[in-house]
Amino acid sequence: VSELREWRPVIYRKCTDTLWLFAFFLFWAGLMFITGYSVMAGAAERLVLGYDSFGNICGRKNTPVKGAPLSGQDMTNKKYVFFLNSCSLEMPSLKISSLSLCVSSCPQEQLNSLEDLQSFARDNGSCLCIYNLTISSYTLNPKAAELCPTLPVPPSKSFPLFNRCVPQNPECYSKYASVLISMVNEMDVFHRILSGILAGRDTVIGLSVLALAFSFIVVLAFRFIRTLLVHTLIALVVFGLLFVSGVLWWLYYDYRNDPSTELETEKENVKFLLGYAIFSTIVTVVLLSLIIVLRKRLQFTVQLFQIVGKIIGRIPFLLFQPLWTFLILIVFWVFWVAVLLSLGTAGTAQTTSGGQVEYRALSGICHMAWYHFVGLIWTSEFILACQQMTIAGAVVTRYFNRNKNSPPPHPVLSSISVLFCYHLGTAVKGSFLITMLRIPRIALLYLYNILKQKESACAKCLFKCCVCGFWCQESCLRYFNQHAYTTTAINGTNFCTSAKDAVFILAKNSAKLASISCFGDFILFLGKVFVVCFTVFGGLMAFNYHRELQAWVVPLLLVGFFAYLMSHSFLSVFEVTADATFLCFAIDMETNDGSAEKPYFVDQELLTFVSQSNKLTEGQKHRSMRPFQENEDGTELQPM
């Protein structure tokens, strides 16, 4: 069937993979249900701002809770949580026994009497007694000793993460710290990560903008690439890899020898740093080896990117495509994180004796979180797939045009309209296959964390082999997906038919196309490594100054993941353009013979480049075979 197919961009199309598009709509209906549920039942501010014993979140206005007369107060100017009995805290069943209030400032000096509490409230506007007790009643009310903090009140200062007033008295501090350490260590890992993300949200946003700037710089560099620029990029990548690896090992050594490392979050930071350092070192060694081996094909790569740059120059709006993709991804990621934070704090407020309020987690939150996480992977891959199909469609329209002096108008807008009218289902199916390969890897990682405590060597080895296998399958699937999208843009067929036709063409022309795209993809990968390295280095410097109770290594991993997606989104313009162009070239060579009846669509520059690259590859193979054709004396054997 593939041999008889007429490979041309069709004019009249039909919708492809409509059932997959319908399934995607149903999946997003479930995400909308989770969004509504999390908004109604969640309160992300409780993770960072803190709340008092009466259900009021510090630092904001609150709504009343039924059965709690002291709830629903305006705490805009009261941003700190103060415990009435901070020197003798207890935590039965993960609940702090002492009453807590929202105050505007923590007492800087020790307060020994009710008169001192009254003076502090009048001078600083910070009331340390129960809300319904007026300042003038501190010394007159006979129950003031029960409604005010235990005397003497030790001096305290605000804690940077959870906005708690931490006592500075050595005895009180040791007791307070032990209870707080127990509470944080027993806290669910999911909530600790959310706390770290919220606490470092400004840093995460800043690093994301930094990754955007680096990606844009790399795109401009590849657009106007020269030999010196490639050498500079390789030198920066090598420097970045070595520097980031050295900083990771130094931070691991610093944290490991820090005697104050007691919290579980800090121990997790040490573990993650060790893993990052080992992974970074392995990647550095592998990439340095590949750079040394492939250094002789540098000039060939420069010619490749100059040709791709000319193609993009003829379709200039392709350079703006990653910007729109990035903006859509940012909007989706902000939405996803907001829903995740609300979902992590979903709980019902229940009143207890004395008008106090407790928040109890709702059932089924864990399953919703996993569903929400699958939505992150699938939707992100779908957005990237739409970008790939848009670029491939524009390149196909430009390539299969007989009159090179009169190109088709607005090829990018035409490709976008074709995508949204006919081929969204194909993008959904391709992104779903990538998601189905990522989910087992995540499940294996979760299983590995469970089995890690038993220190089973067999389980560790099996885990690493499975993860490596899934990664290889995902890389191969991404490669074939990209060519399947290009084939869909040409023939208007569904995903499976396009994939079959693309495999047929690639198999017949593998010797020609492999040598061309291999090193070009490697240079593009170095560009992505450049963006990730320098973004992670900025994150290391920023997060290293905030060690208090933060699982900051996990937000750093999130920043690295976002930086890679940004760089991949921008540099995929060159990758998809090159792959689509050479697939069109293979189809052109397959269906035409250069005669007057079947002339080629390819221009002379691209044809000359492919011929030179094939001669270079054949010459290298011939030189590698020559030692076997020589005798012991070093003279070449001649045919009789």
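In which hand does helix 12 pass helix 13 at their crossing? In the predicted model examined here, helix 12 passes helix 13 in a right-handed crossing, and the contact is made by Cys386, Met389, Thr390, Gly393 and Ala394 on the side of helix 12 and by Pro411, Val412, Ser415, Ile416 and Leu419 on the side of helix 13. Helix 12 comprises residues 365-399 and helix 13 residues 411-422, and the two pack with their axes 8 Å apart at an angle of about 130 degrees. Since angles over 145 degrees count as roughly antiparallel and those from 65 to 115 degrees as roughly perpendicular, helix 12 and helix 13 are therefore described as oblique to each other.

A second helix pair was examined in the same terms, given that two packed helices are described by the angle between their axes and the distance between the axes. Helix 1 (residues 18-41) packs against helix 11 (residues 321-344) at an angle of about 50 degrees, with an axis separation of 8 Å, and these two helices are therefore likewise oblique to each other. The crossing of helix 1 and helix 11 is left-handed, with Trp28, Met32, Ile34, Thr35, Tyr37 and Ser38 of helix 1 in contact with a set formed by Phe332, Phe335, Val339, Ser342 and Leu343 of helix 11.

For the chain as a whole, the secondary structure amounts to 19 helices and 6 strands, and 47% of the 640 residues are buried. Of the contacts between residues at least 6 apart in sequence, 74% join residues that are at least 24 apart.

The unreviewed UniProt entry lists several spans as "transmembrane region", among them residues 20-44, 315-339 and 382-400. In the model, residues 315-339 are 76% helix and 0% strand, with the end C-alpha atoms 38 Å apart, whereas residues 382-400 are 95% helix and 0% strand, with the end C-alpha atoms at a separation of 27 Å.

Helix 3, which spans residues 114-124, carries the buried residues Leu117, Gln118, Phe120 and Ala121. These four lie on the same side of helix 3 because they cover an arc of only 165 degrees around the axis. In general, an α-helix has 3.6 residues a turn, so residues three or four places apart point the same way. On the other side of helix 3, Arg122 and Asp123 are exposed. The residue that follows helix 3 is Gly125, for which phi is positive, near 70 degrees.

Key. Residues are numbered from 1 along each chain as its sequence is written. This is a predicted model: local features need pLDDT of at least 70, side-chain atom pairs count only at pLDDT 80 or more; totals for chains, interfaces and linings use all residues. Side-chain values use heavy atoms; hydrogens and water are left out. UniProt positions are given in the numbering used here, feature names are shortened, and annotations may be inferred rather than shown by experiment. Buried means under 20% relative accessible area, exposed over 50%, partly exposed in between (1.4 Å probe, protein chains only). The arc is that of the directions from the helix axis to the C-beta atoms. Axes are lines fitted to C-alpha atoms, for helices over the stretch in contact, and angles run from 0 to 180 degrees between N-to-C directions. Angles under 35 degrees count as roughly parallel, over 145 as roughly antiparallel, 65 to 115 as roughly perpendicular and the rest as oblique. A crossing is left-handed if the near helix is turned anticlockwise from the far one by less than a right angle, and right-handed if clockwise. Contact means heavy atoms within 4.5 Å.
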